Amino acid sequence: MTEPAQIPPPAAGAERRRFRRIGARLEGRLVFAGVDTECLIHDMSVTGAVVEVSPLPALGAELALEVPGVGFARGRAMRYPEDGLVGIALDVPEARRDRIADRLILAAFRSPPLPD
């Protein structure tokens with residue numbers, strides 16, 4: 001009997017995300033701690049997003065992110081990658097992940113990120 005193939009560990013600094021991050025400029029809505037405001041989503045995956053919003057939610061705050069044409073997800077503010085941006089960890093049920101991923105790709109084609 002042959003040995004099963006070994007999967008090498010990821011290289012240092014390699015991408016370790018389970019879901020592909022899609023770069024876009026999607027308009028959305030963010031709701032947290034009594035605040036309901038429009039936001040701009042810079043990139044997003046099924047399990048996370050980087051969002052431009054004012055005011056910024058407190059780190060650890062529970063929130064809800066709505067992206068027209070993609071859907072609605074609950075999450076938590078995790079980090080501030082740059083001024084005016086918040087990194088969000090999204091809690092998307094396993095059963096909805098593939099459908100959300102497909103919708104994200106379509107939305108990104110409609111609203112691609114601006115060139116650097």
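## A cavity inside the fold

A search of the whole structure turns up 1 cavity of 30 Å³ or more. Before looking inside, please keep in mind that this is a predicted model. The largest cavity holds about 60 Å³ of space. Its lining is made by M44, L65, V67, V70, G71, F72, A73, L90, V92 and I100. Strand 4 and strand 5 (71–79) are the elements that give two or more residues to this lining. Strand 5 supplies the largest share, with 3 residues.

## The overall layout

Let us step back to the whole chain. The protein has 1 helix and 6 strands, and along the sequence these follow the pattern β-β-β-β-β-β-α. In that order, the helix comes after the strands.

How much of the protein is buried? Of its 116 residues, 34% count as buried. The protein exposes about 7900 Å², and carbon and sulfur atoms supply 53% of that area. The contacts tell us about the fold as well: among those between residues at least 6 apart in sequence, 48% join residues at least 24 apart.

## Salt bridges and a small network

Side chains of opposite charge can pair when their charged atoms come close. Here the count comes to 3 salt bridges. A good place to begin is R29, which is partly exposed, with a relative accessible area of 33%. The side chain of R29 meets that of D36 in a salt bridge, at 2.9 Å from N to O. D36 is exposed, because its relative accessible area is 51% and the cut-off for exposed is over 50%.

R29 also forms a salt bridge with E66, where the closest N and O atoms are 2.4 Å apart. This pair links distant parts of the chain, with E66 in strand 4, R29 in strand 1 and their positions 37 residues apart. E66 counts as partly exposed, at 30% relative accessibility. Which residues do these salt bridges link in a network? They are R29, D36 and E66.

Another pair is R76 and E62, whose closest N and O atoms are 3.4 Å apart in a salt bridge. This pair, too, links distant parts of the chain: R76 is in strand 5 and E62 in strand 4, 14 residues apart. R76 is partly exposed, with a relative accessible area of 35%, whereas E62 is exposed at 58%.

## A look at T37

Is T37, which is found in strand 2, buried or exposed? T37 is buried because its relative accessible area is 17%, and buried means under 20%. Leaving aside residues up to four places away in sequence, T37 touches G28, R29, L30, V53 and S54. Among these neighbors is R29, the residue that pairs with D36 and with E66.

## Two backbone features

Most residues other than glycine have a negative phi, and most peptide bonds are trans. With that in mind, have a look at A33. A33 has a positive phi of about 40 degrees although it is not a glycine. A33 sits in the loop between strand 1 (22–32) and strand 2 (35–45), and counts as exposed at 73% relative accessibility. In sequence A33 and A61 are 28 residues apart, while their C-alpha atoms are 7.5 Å apart in space.

The other feature is at S54 and P55, which are joined by a cis peptide bond with omega at about 0 degrees. P55 lies in the loop between strand 3 and strand 4. S54 has already appeared above, as one of the residues that T37 touches.

## A nonpolar patch on the surface

The tour ends on the outside of the protein. Which residues form a nonpolar patch on the surface? They are L56, L59 and Y80, with about 270 Å² of accessible area together. L59 is placed in the loop between strand 3 (48–52) and strand 4 (62–67), and P55 with its cis peptide bond lies in the loop between strand 3 and strand 4 too. L59 is partly exposed, because its relative accessible area is 48%, and partly exposed covers the range between the buried cut-off of 20% and the exposed cut-off of 50%.

Notes: Residues are numbered from 1 along each chain as its sequence is written. This is a predicted model: local features need pLDDT of at least 70, side-chain atom pairs count only at pLDDT 80 or more; totals for chains, interfaces and linings use all residues. Side-chain values use heavy atoms; hydrogens and water are left out. Patches are made of residues with over 30% relative accessible area and no salt bridge: like charges are joined within 9 Å, nonpolar side chains (Val, Leu, Ile, Met, Phe, Trp, Tyr) within 5 Å. Accessible areas come from the Shrake-Rupley method with a 1.4 Å probe; for residues, only the protein chains shown count as cover. A salt bridge is a side-chain nitrogen of Lys or Arg within 4 Å of a carboxyl oxygen of Asp or Glu. Helices (H or I, at least four residues) and strands (E, at least two) are DSSP runs, numbered from the N terminus. Buried means under 20% relative accessible area, exposed over 50%, partly exposed in between (1.4 Å probe, protein chains only). Contact means heavy atoms within 4.5 Å. On a 1 Å grid over the protein atoms alone, a cavity is a set of points where a 1.4 Å probe fits but cannot get out, and a pocket is an open set with protein on both sides within 12 Å along at least five of seven lines; lining residues have an atom within 4 Å of a point. Grid points are joined across faces, edges and corners, and a volume is the space filled by probe spheres set on the points.
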